[in-house]
Amino acid sequence: MSSYIQKRQYYRLRYPKRARPFVRLGDELFQVAEVSEGGIRMVVANSNTMYKGLEIKGMLNLNDESRVEIEGAVWRFERDEVIVQLREGPTFKIMVEEQRKIRSNYPVFFARLREAAA
């Protein structure tokens, strides 16, 4: 029997670099390294204009050209990434579809993620 306990409320989907969606915040575009129903991890070269608690509202553009409105606040910073906690974002259905696409189009990437988690 496994003693692994899921501590996260939402499954987080990490994207390979060449398959990353992007988010548009006003006139700026940011690559998205990770997405969940409750948050996104954006790659930001210069986060000096952002601060914890900053309200974010924009459009998440997924690889199949579908768009999802997002709304939330900057939660924390990690190296060149900004983590945004979402109040509005992708649904569970969208997350399942995105996971299926990544698994089928990038099976080696997904297998490496599973190995790293083990």
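Two strands are said to pair if DSSP finds at least two bridges between them. In this predicted model, strand 2 (residues 22–25) and strand 3 meet that condition, for they pair in the antiparallel sense over four bridges. One point of reference in this pairing is Phe22, whose bridge partner in strand 3 is Gln31. Strand 2 and strand 3 form a hairpin with two residues between them. In the turn of that hairpin, Gly26 has a positive phi of about 65°.

Strand 3 also has other partners. Strand 1 (residues 13–14) runs antiparallel to strand 3 (residues 28–35), and two bridges join them. Here Leu13 stands opposite Val35 of strand 3. Strand 4 (residues 39–43) is likewise antiparallel to strand 3, to which four bridges join it. A hairpin of three residues leads from strand 3 to strand 4. Val35 appears again in this pairing, where it stands opposite Ile40 in strand 4. In general, the side chains of a regular strand alternate between the two faces of the sheet.

The loop between strand 1 and strand 2 contains Arg20. Is this residue buried or exposed, and which side chain of opposite charge is nearest? Arg20 is buried yet has no salt bridge, and the nearest side chain of opposite charge, Glu81, is 5.0 Å away. A salt bridge requires a side-chain nitrogen of Lys or Arg within 4 Å of a carboxyl oxygen of Asp or Glu, so a separation of 5.0 Å does not qualify. The side chain of Arg20 does make a polar contact with the side chain of Gln31, at 3.3 Å. Gln31 is thus both the bridge partner of Phe22 and a polar contact of Arg20. Leaving aside residues up to four places away in sequence, Arg20 touches Tyr15, Gln31, Val32, Ala33, Val43 and Asn63.

Other charged residues do form pairs. Side chains of opposite charge can pair when their charged atoms come close. How many salt bridges does a search of the whole structure find? The search finds ten. In one of them, the side chains of Arg14 and Glu34 meet at 3.7 Å, N to O. This pair links distant parts of the chain, with Arg14 in strand 1 and Glu34 in strand 3, 20 residues apart. Arg14 is partly exposed, with a relative accessible area of 26%, whereas Glu34 is buried, with a relative accessible area of 11%.

A further salt bridge is formed by Glu71 and Arg87, whose closest N and O atoms are 3.4 Å apart. This pair too links distant parts of the chain: Glu71 lies in strand 6 (residues 67–78) and Arg87 in strand 7 (residues 81–88), 16 residues apart. Glu71 counts as partly exposed at 23% relative accessibility, while Arg87 counts as exposed at 52%.

The salt bridge between Glu98 and Lys101 lies within a helix. The closest N and O atoms of Glu98 and Lys101 are 2.9 Å apart. Because they are three residues apart in helix 1 (residues 92–105), Glu98 and Lys101 are separated by about one helical turn. Glu98 counts as buried, at 3% relative accessibility. Elsewhere, salt bridges that share partners join Arg12, Arg14, Glu34, Arg41, Arg76, Glu78 and Glu81 into one network. Among the members of this network is Glu81, the residue whose side chain lies 5.0 Å from Arg20.

Definitions and conventions: Residues are numbered from 1 along each chain as its sequence is written. This is a predicted model: local features need pLDDT of at least 70, side-chain atom pairs count only at pLDDT 80 or more; totals for chains, interfaces and linings use all residues. Side-chain values use heavy atoms; hydrogens and water are left out. Buried means under 20% relative accessible area, exposed over 50%, partly exposed in between (1.4 Å probe, protein chains only). Lys and Arg count as positive and Asp and Glu as negative; His and the chain ends are not counted. A polar contact is a pair of N or O atoms within 3.5 Å; within protein, one must be able to donate a hydrogen and the other to accept it, and residues adjacent in sequence count only if both atoms are side-chain atoms. Contact means heavy atoms within 4.5 Å.
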